[in-house]
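Work through the following exercises with the sequence and the coordinates open. Each task is followed by its solution in steps.

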Amino acid sequence: MISGAPASGKGTQCEMIAKKFGVVHISIGDILRAEVSASTEIGKKAKEYMNSGRLVPDEIVTAMVTARLSLKDVKEKGWLLDGFPRSSVQAESLEKLNIRPDIYIMLDIPDDVLIDRCVGRRLDPLTGKIYHVKNFPQENEEIKERLVTRPDDTEDKVKSRLEIYKKNVEAILLTYSDLLHKIDGNRPKEVVFKDIDSLLSRLQKDKEEESESVTGDLARTGNQLDKSSSEKNWRGIPTKLNNIPHSKEIRKYFYEDVLQATQRAITDGKTRLKVEISIPELNPEMDVYRIGTLMELVRILALSFADDGKRVKVCVQGSMGEGALVGMPLQLAGTRKILEFMDWGPDGAMGTFINIGSIGSKEVDEQDDMFILVAPQNAVGNCIIGDLKAMTDAAEHRPVILVNPKLKDVPGSSGVMQTMGRAERLEYAASFELCYFFRLLYYSGTQYPIMAALRMSYPYEYELYKRVDESPKIEKYVLLSKFEKRPSGDEINDVFEGKSRDKRATGIWGFLSSIF
């Protein structure tokens, strides 16, 4: 995909890319004109909007693009999308169809240069050729006499178009930030293309090597290949995670990321699983924690497995303890009521495929296929481990998924914690296998700015990303290293400081040393 403001030279670069790499150049303007000219059903609908001066709706434009992408020449040669998507809705539509570029190129040019390019443009109505009063003057006086200024090339209209372009780009960068490559477009076209050529040539080489590797690994099982394909489609870590409340897109991103990892683990026969995700809205240690975000994650997990025909029981621990210590963790207060009042869909899933219960062996019914436990945790005097173990024993081979559990050992009361020995309790808590882990990393004692992120999605390795500011409003996460096991704070510090992993050290990155 390539993006550029009006007069950025995007059209010229597209021509050069298509010529050099043989990909099919797909321009939205060209598609609209072709569909309208051919009087296709989509073209007729688009024409109605265009004739009335209205914007063609996203769904019509997306339908045109996907239809073009399905043709034989595109499948054989690859594609270059020019100026699409232009909105987050269009980008999400492509994501749902698993249409994703290998690279997103943005031509970056100062506004004053773009305005000068537009205002100075002149059109030859006879040939359709574009000239510029300073940069590309006409060949002779005869041509000069018939040149005209296009109606939308006035300074006010150009500024308005630039603002619209910037808003559109900002909206879709969440989807493609991990693929973004900015190119300085304020240079001669040959110099600009040299940078693009270098990027695409390297990408082409990487894809060829990847293809050879896949060919050599065909003996792997189909299940392994499915996993590889699934992770390949991962979109990278979203940006603006410290913006509260989180956007709908960010929440949706993490819901889907957790769901896919959990599904893979269940498919592989795992039965004792846990999810640990600590974005600001899911981190009870931060004042922006939102119980609704946690409940929505649980709802999506439950509905997804119910859609597969499984009977899911969603469980929240009840009141525990004795005397002054009776009660439940504040984080869980009211969660059962929230679950009961949530929208579980119009198809009658609640009460049939989904039921709500507590934690304990009595909650395990013969018809239950799996269990999702909402943030089970110990509190002073209140140990959930005993009830939890009784429940998993009763569940036997059926999957039990803990979402953001807190099972560290705490002081007991009235013999409650002594039903199991401490070593036995810790061993049991550790028996749940992580299928998804995500945590933002900060300087020690702070919660801003975000310095890095650690992610693991079953069955893949732990991945350490560094947050990088590309400009005051644009950031991205760059992969620094991978770990077979969950890394310690010292191991993460070593990576940031460029030290060998077999050396343990602390330093200015001490903010990470106590997190784990």
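Buried means under 20% relative accessible area, exposed over 50%, and partly exposed in between, with a 1.4 Å probe and protein chains only. The model is predicted: local features need pLDDT of at least 70, side-chain atom pairs count only at pLDDT 80 or more, and totals for chains, interfaces and linings use all residues. Residues are numbered from 1 along each chain as its sequence is written, and side-chain values use heavy atoms, with hydrogens and water left out.

**Exercise 1. Positive phi**

Task: Classify Lys240 as buried, exposed or partly exposed, and state its phi.

Solution. Step one: phi of Lys240 is near 60°, a positive value in a residue other than glycine. Step two: as background, most residues other than glycine have a negative phi, and most peptide bonds are trans. Step three: locate Lys240 in the loop between helix H11 (222-232) and helix H12 (248-267). Helices (H or I, at least four residues) and strands (E, at least two) are DSSP runs, numbered from the N terminus. Step four: Lys240 has 31% relative accessibility, so it counts as partly exposed.

Task: Do the same for Asn404: is it buried or exposed?

Solution. Step one: Asn404 has a positive phi near 50°. Step two: its loop runs between strand S12 (400-403) and helix H16 (422-429). Step three: Asn404 is buried because its relative accessibility is 10%.

**Exercise 2. Cis peptide bonds**

Task: Where does Pro85 lie, and where does Pro459 lie?

Solution. Step one: a cis bond joins Phe84 to Pro85, with omega about 5°. Pro85 sits in the loop between strand S3 (79-82) and helix H6 (88-96). Step two: the bond from Tyr458 to Pro459 is also cis, and omega there is near 5°. Pro459 belongs to the loop between strand S14 (452-457) and strand S15 (462-471).

**Exercise 3. The sheet**

Task: What is the strand order of the open sheet, and which strands form its edges?

Solution. Step one: two strands pair if DSSP finds at least two bridges between them. Step two: the 9 strands follow the order S10-S9-S11-S12-S8-S13-S14-S15-S16, with mixed pairing. Step three: strand S10 (354-357) and strand S16 (474-483) are the edges, each pairing on one side only.

Task: How many bridges join S9 to S10?

Solution. Step one: 4 bridges join strand S9 (residues 312-315) to S10, and the two run parallel. Step two: one residue pair to inspect is Lys313 with its bridge partner in S10, Asn355.
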